[in-house]
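Subject: Structure for you to look at, with notes

Dear colleague,

I am handing over the structure below, and my notes on it follow. Please read them with the model open beside you.

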Amino acid sequence: MNRIWAGIDSGKTHHHCVAINQDGAKLLSRRVPNGEPELLQLLQDVLALGDHITWAVDMAGGEPALLLALLTGHGQELLYIPGRVVNRASDGYRGEGKTDARDALVIADQARIRRDLKPMRPTDEATIELKILTSRRTDLVRDRTRAINRLRSTLTGMFPALERALVLTSAGPLVLLDGYQTPAAIRRMGTARLTRWLRARGVRTPEELAATAVEAAEQQHTAVPGEAVIAQLVRTLAADVRGLHEKVSEVDRLIEDRFRAHDLAEIITSMPGIGPLLGAEFLAGVGSDLTFFATPDRLAAFAGLAPAPHDSGKKSGNLHRPRHYHRGLQRVFYMSALTSVRYDPNSRTFYDRKRAEGKRHTQAVIALARRRVNVLWALIRDRRLYEVVPPGVTASL
């Protein structure tokens, strides 16, 4: 059998493909535009080189999305090599130059000689949609955090007492800043008028917010230089944060609707602490089935919840957190474990036992998250819902 390995260095407008044989000899090297006709021609030419083709790419989505769709659509064997692995492996090859052709050759050769590379699995439409939506939500939340930090910094430069008094992640204070920003303006309104103004705009507990704002205004009677311009910036930034709040809420609704339609949604959310958002992030990370994770240990390692050995010489038994794992999946299990301690008696019992053993809070939550990996893996395997005490057995979580 004539085996061929084809490595592809992905780019925005072009990809570079290098194909090698079993001896590592280069059979093809081509720069291909990122378009369907050109990619189909590349596929045909590479398939003509051998009987068994293995493709390897350095990106799992984004720019090479069309290429990946064509390869999976044609039933090709596809491996994923992270970019950092390619960069480190390049040091072991001759030459110091960096070109797309060289990177593609390294990708192909690593696919030929390594046995630990992860195959890329065909992903169903629902998982792809959840991955896109959760990624979009992450971007929006980060934008909102940056906008809130800019708002805090700007407001502190003009009215520090009000910045300390307001919770700028809530909607009410943002409505207040849309209308009144300076100490003098808030004092002129007074508590009663400001309360009526806030109530007319649907703010919750307007009396409390108005009293807090007027109290802060009474603490500052000095106008800082450039107050008028700063006030306008505060108003603009507050509007930006409100807009991002609305965008996040809209994406949350889309995520929940798409997640609820998934056949695993009821099973996943039956686990205490996992709602639609964390459940969607879980599916985006692992897909719609666990065929790639033959055991819960593999899933835990993928989520960064299984310690890696760090032994050397006479030192043995040393464990540390792995450096390469799915950060989003670790967040799902950690945050859900943290929440479940408050609402699930089994989780609370396990957490208290770990604390009694001398573990710190974070260590106990991580231990609980690791145990919950086993439980969720078994629930999905058996297609059953979580119960506080499973029938006929004593709960261990």
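A residue is called buried here when its relative accessible area is under 20%, exposed when that value is over 50%, and partly exposed in between. By that cut-off F350, with a relative accessible area of 3%, is buried; please keep in mind throughout that the model is a predicted one.

The chain as a whole

The secondary structure of the chain amounts to 16 helices and eight strands. Its radius of gyration is 28 Å, whereas a compact globule of 397 residues would have one near 21 Å, and along the principal axes the C-alpha trace spans about 85 × 60 × 50 Å. Of the 397 residues, 45% count as buried. When contacts between residues at least 6 apart in sequence are considered, 60% of them join residues that are at least 24 apart. The chain exposes about 21,100 Å², and 51% of that area is supplied by carbon and sulfur atoms. As to charge, there are 57 positive and 44 negative side chains, with the centres of the two sets lying 6 Å apart.

Helix 3 and helix 7

In helix 3, which comprises residues 83-90, the buried residues are V85, V86, A89 and S90. These residues lie on the same side of helix 3, because they cover an arc of only 135° around the axis. The general background is that an α-helix has 3.6 residues a turn, so residues three or four places apart point the same way. Among the elements that cover the buried residues of helix 3 is helix 4 (100-113).

Helix 7, residues 171-179, has G172, P173, L174, V175, L176 and L177 buried. The cover over these buried residues includes helix 5 (125-156), helix 6 (160-165), helix 8 (183-200), helix 9 (206-218) and helix 10 (227-260).

E281 and L329

E281 lies in helix 12, which runs over residues 276-286, and L329 lies in helix 14, which runs over residues 327-343. Although 48 residues separate the two in sequence, their C-alpha atoms are 7.1 Å apart in space. E281 counts as buried because its relative accessibility is 18%, which is under the 20% cut-off; L329, at 0% relative accessibility, counts as buried too.

Which residues does E281 contact, leaving aside its neighbours within four places in sequence? They are T134, G328, R331 and V332. With the same kind of neighbours left aside, L329 is in contact with F282, V286, L299, F302 and A303.

F350

F350, whose burial was given at the start, is part of helix 15 (residues 345-356). Its C-alpha atom and that of A367, which is 17 residues away along the chain, are separated by 8.8 Å.

T205, P206 and R383

T205 is found in the loop between helix 8 and helix 9, and it has a positive phi of about 45° although it is not a glycine. As background to that remark, most residues other than glycine have a negative phi. T205 counts as partly exposed, since its relative accessibility is 49%.

P206, by contrast, is found in helix 9 and is buried, with a relative accessible area of 7%. Not counting residues up to four places away in sequence, P206 touches T195, L198 and R199. The C-alpha atoms of P206 and E281, which are 75 residues apart along the chain, are separated by 36 Å.

A positive phi in a residue that is not a glycine is also found at R383, where the angle is about 55°. R383 belongs to the segment after helix 16 (361-382), and at 48% relative accessibility it counts as partly exposed.

When you go through the model, I would suggest these places as points to look at: the buried residues of helix 3, namely V85, V86, A89 and S90; the pair L329 and E281, with C-alpha atoms 7.1 Å apart; and the positive phi angles of T205 and R383.

With kind regards

Terms used: Residues numbered from 1 in each chain as written. Predicted model: local features only at pLDDT ≥ 70, side-chain atom pairs only at ≥ 80, totals over all residues. Heavy atoms only, no water. Helix = DSSP H or I, 4+ residues; strand = E, 2+ residues; numbered from the N terminus. Rg over C-alpha atoms; globule rule 2.2 N^0.38 Å. Buried < 20%, exposed > 50% of the residue type's maximum accessible area, 1.4 Å probe, protein only. Contact = heavy atoms within 4.5 Å. Areas by Shrake-Rupley, 256 points an atom, 1.4 Å probe, with all protein chains shown as cover. Lys, Arg positive; Asp, Glu negative; His and termini not counted. Charge placed at Lys NZ, Arg CZ, Asp CG, Glu CD. Arc of directions from axis to C-beta.
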